[in-house]
Amino acid sequence: MSAVTAILVVPALAAVLLAVLPGYRITARLNMLAAFATFLIALSLFFGRPQPGPYLHVDDLNNVFIVLTTFVGFTTSVFSASYIEHELEIGRLTPSFLRFYHAMYQVLMFAMNLALAANNIGVMWVAIELATLATVLMVGIYRTHEALEAAWKYFILGSVGIALALFGTILIYMAARPSIGEGLDAMVWTVLISRAAAFDPALLNVAFVFLLLGYGTKVGLAPLHAWLPDAHAEGPTPISAVLSGLLLNVALYALLRFKMLLAANPHALTPGPLMVTMGVISAVFAAFMLYRRRDIKRMFAYSSIEHMGIITFAFGMGGPLANFAGLLHMTMHSLTKSAIFFAVGHVAQVKGTQRIADMGGLTVTNPVLGWGLVLGVVAIAGLPPLGIFMSEFLVVTSTFTRQPWLTIVLVLGILIGLAGLFLRLNTIAFGEPRGPTAESKASYVPMFAHLALVFVAGIYIPADLVAWFQNVAKLLG
Amino acid sequence: MRGIAFDIAHLLAGSLVLVSFLQLYQDRLYALLNIFAVHAFVLALSVAWQAYVQGAPHLYVTALIALVFKAIVIPVALHRIIVRLGIHREIEKVVGVGTAMLLGMGLVALAMVVMLRVTEGADPLAREDLAFALSVVLLGLLMMVTRRNAVGQVVGFMSLENGLVLAATGAKGMPLVVEISVAFSILIAFIVIGIFLFRIRERFDTVDLQALDRFRGERQ
């Protein structure tokens, strides 16, 4: 069995096992073990990868995504173990729902790995649909009024997005058929990209618009983002971490693949300006929305929209440097945002609420957790010397000469977002202690592991990794 | 033969658009479900015809699934839910019948203009099919927007999926996706019916989404 198959088989088997095994301790450990095994197998892809088949392939681009996904998947499973233990104690989750939750977690990992490793645009679509269904079920798992509404909203908007993406996929097949011929080959990614120059440009253009709207909904780009804050706020926090840190990336990855396809056709429209526009709108809009948030998870959900906007902007600008910046920013955002959600999960459990007004003085009452959250927010706001500062700096400098006005708007968005985040952080972390102050029993290892990585990346990135990213940036065109 | 094959495919796909329009203005849930069953039936016929014309026997499976699940099982199941919940009263609509029909016509015109223009090179059968399919997709979207009732939205989504199946079968020789996407649409329908409607009932004793609108955006 090759490594690519293994990153699919391990989560699939684990999902089956977790669905039937009873007992919290065994299943939480099994969940961690499966995620860790998947991560190790994914790492082995750096050293040797199988030949591309009609369904699966690994190249320099998706290798980065797969390793990032399996890594954050593993650390989140560690966080999830301590988070879920608390939820069981206070009775928010029952053991049968826990089994369901763990099984769905592995189904989600399977779906995301499949979407990333797929060499077939049909399989990729199916995988993203599966990931959507799994997350819808997990968002609604608490079965409260708000959770149900969030799940319903996510389900409806996500399905519409996914339906539009399928229409775009069908159009790509129609465009490819005359030159490649009927059958499987006309949906195989490696074949498509090598023959893209001969495709009908008009069909490709229309297809891309559908794909942008469809997968863009899943990325959370404004104005298609309405599902995102609700889904983040009402689901279990590990799911918020995986949604923000990984699933948004997976949808963006799909979009990037099709962008490459259009770039390979000289007569098709350049997809850059469309992505740049949506990126800037998302970033600026979300930055303003940060101000009036009362719920801590909703606030960081809007921050995710802002950062996905910045990343989409960078990829839309294109060119080796901007693509490099986009890739780096995506990696840094995944690590930082999931670390923040780890912290937020523990904060919400300590305080027994997600309302910002009921939290206060966290650095005094729970110093480790409080300063962890402060560090996370400092990182996500883009202050030096952490990783996000560097990637944002690169995004801005690499685009400034080409689009000075747009870049100024983007920088304004970043600054407005920064101020908004610190305004709220001030209430939560400093000042008069408010709300319960019991010590959390949680494990802080995943959170600080992520923050340490982000910190190191802000100061020093290994030359091999830089070379790898530069190579991928060139691939993206 | 070529002429009649084209005409029948054209007729069936056109009927699907027509039935979509019929769905738009139904203001009773029972009637809406019946029309949806007709919608799925026409889709099954259309897919079966494509299977025959293209000589692609696997498409008969798709047609059979559309016939059995979408035209019979799901409408019957939704019917039962409606009976058990006692919600067979009128559907609330955000916009009136006239506006909905006008919007629908605008969307169909848009679909025709876009698809016919960009597919000039493609073979005529696939071309017209694609234009009709996009019309059905857009009308499904419009229906989801104009309904506030959960059952109405689910029906809207399923008719949108019917449009996608029409597009996928019209694209000659498209591999594997038809089966998988149909399986997925059934899965979605089951998830919606099984989990959401029952959970909504268990919590609020209603499937009227207006009851859910208490939570809008921020918690105070």
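These are a few notes on the fold of chain A, going from the whole chain down to one residue.

1. Housekeeping: this is a predicted model, with local features needing pLDDT of at least 70, side-chain atom pairs counting only at pLDDT 80 or more, and totals for chains, interfaces and linings using all residues. Residues are numbered from 1 along each chain as its sequence is written, while chains are lettered from A and ligands numbered from 1 in the order in which they are written.

2. Chain A has 19 helices and 0 strands (DSSP runs numbered from the N terminus: H or I of at least four residues for helices, E of at least two for strands).

3. On overall shape, the C-alpha atoms of chain A fill a box of roughly 65 × 55 × 45 Å along the principal axes. The radius of gyration is 21 Å, which agrees with the value near 23 Å for a compact globule of 477 residues (taken over C-alpha atoms; the rule is 2.2 Å times the number of residues to the power 0.38).

4. Of the 477 residues in chain A, 61% are buried (20 or more other C-beta atoms within 10 Å of a residue's own, with C-beta atoms placed from the backbone).

5. The largest nonpolar core has 249 residues (buried Ala, Val, Leu, Ile, Met, Phe, Trp, Tyr and Cys joined through C-beta atoms within 7 Å). Helix α6 (residues 145-180) of chain A gives this core its largest share, 24 residues.

6. A115(A) and V250(A) have the most contacts inside that core. Beyond its neighbours within four places in sequence, V250(A) touches M112(A), A115(A), L116(A), I128(A) and A131(A) (contact: C-beta atoms, placed from the backbone, within 7 Å).

Technical notes. A residue is buried if 20 or more other C-beta atoms lie within 10 Å of its own, exposed if 12 or fewer, and partly exposed in between; C-beta atoms are placed from the backbone. Two residues are in contact if their C-beta atoms, placed from the backbone, lie within 7 Å.
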